[in-house]
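Here are some exercises with worked solutions for you to try. Have a go at each task before you read on.

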Amino acid sequence: MVSQAEVAEINTYFQNRMAESKKIWATRGKDARIAAAAAKANQPPTWRQLKGVPLMLHEIKHVGNRPFMVGFGLVSLGALYLQTKFTDEMKNDSLYWSTYHLKENKSAH
């Protein structure tokens with residue numbers, strides 16, 4: 001037969017399961033969703049709710065993205081430097097620039 005200790009252990013197990021089930025059931029339904037949304041609104045946004053510039057700043061600060069951001073910064077600075085050194089004479093000699101951007105060559109479009 002089953003001993004008294006085993007019966008107590010089984011009863012404790014089922015009481016814990018019932019408490020866990022009641023906790024899960026309390027999170028279901030329209031009222032529970034409204035309460036969860038209200039509780040979530042009081043917390044700061046997670047990265048999944050960020051958009052635009054705040055998301056970009058969050059990603060820049062993330063440690064795993066540092067090597068990428070260093071490379072991105074170097075390429076951006078290099079492109080900016082090259083753009084500032086691109087003289088009018090170089091623009092006239094450039095096939096692309098002279099075809100699509102020069103004011104005097106509108107008919108080539």
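**Exercise 1. Find which residues form the nonpolar patch on the surface.**

Solution. Start with the members: Val2, Val7, Ile10, Tyr13 and Phe14 make up the patch. Next, take the rule for patches: residues need over 30% relative accessible area and no salt bridge, with like charges joined within 9 Å and nonpolar side chains (Val, Leu, Ile, Met, Phe, Trp, Tyr) within 5 Å. A salt bridge here is a side-chain nitrogen of Lys or Arg within 4 Å of a carboxyl oxygen of Asp or Glu. Finally, add the area: together the five residues have about 480 Å² of accessible area (Shrake-Rupley method, 1.4 Å probe; for residues, only the protein chains shown count as cover).

A word on the basis of these values: this is a predicted model, in which local features need pLDDT of at least 70 and side-chain atom pairs count only at pLDDT 80 or more, while totals for chains, interfaces and linings use all residues. Residues are numbered from 1 along each chain as its sequence is written, and side-chain values use heavy atoms, with hydrogens and water left out.

**Exercise 2. Place Val7 and Ala32 in their helices, and decide whether each is buried, partly exposed or exposed.**

Solution. First, the places: Val7 belongs to helix H1 (residues 4-26), and Ala32 to helix H2 (residues 30-41). Helices (H or I, at least four residues) and strands (E, at least two) are DSSP runs, numbered from the N terminus. Second, the cut-offs: buried means under 20% relative accessible area, exposed over 50%, and partly exposed in between (1.4 Å probe, protein chains only). Val7 has a value of 33%, so Val7 is partly exposed. Ala32 has 14%, so Ala32 is buried. As a last step, go from Ala32 to Phe14: they are 18 residues apart in sequence, and their C-alpha atoms are 25 Å apart.

**Exercise 3. Do the same for Asn42, Trp47 and Lys103.**

Solution. Take the loop between H2 and helix H3 (52-61), where Asn42 lies. With 70% relative accessibility, Asn42 is exposed. Between the C-alpha atoms of Asn42 and Ala5, 37 residues apart along the chain, there are 46 Å. Trp47 is also in the loop between H2 and H3, and its 46% makes Trp47 partly exposed. From Trp47 to Leu102, the C-alpha separation is 44 Å and the sequence separation 55 residues. Lys103 follows helix H6 (95-100) and is exposed at 69%. Lys103 and Ala32 are 71 residues apart in sequence and 64 Å apart, C-alpha to C-alpha.

**Exercise 4. Describe the protein chain as a whole.**

Solution. Begin with the elements: there are six helices and zero strands. Then the extent: the C-alpha trace spans about 100 × 35 × 25 Å along its principal axes. The radius of gyration is 32 Å, whereas a compact globule of 109 residues would have one near 13 Å (taken over C-alpha atoms; the globule rule is 2.2 Å times the number of residues to the power 0.38). To finish, the surface: buried residues make up 6% of the 109 residues, and the chain exposes about 10100 Å², of which carbon and sulfur atoms supply 62%.
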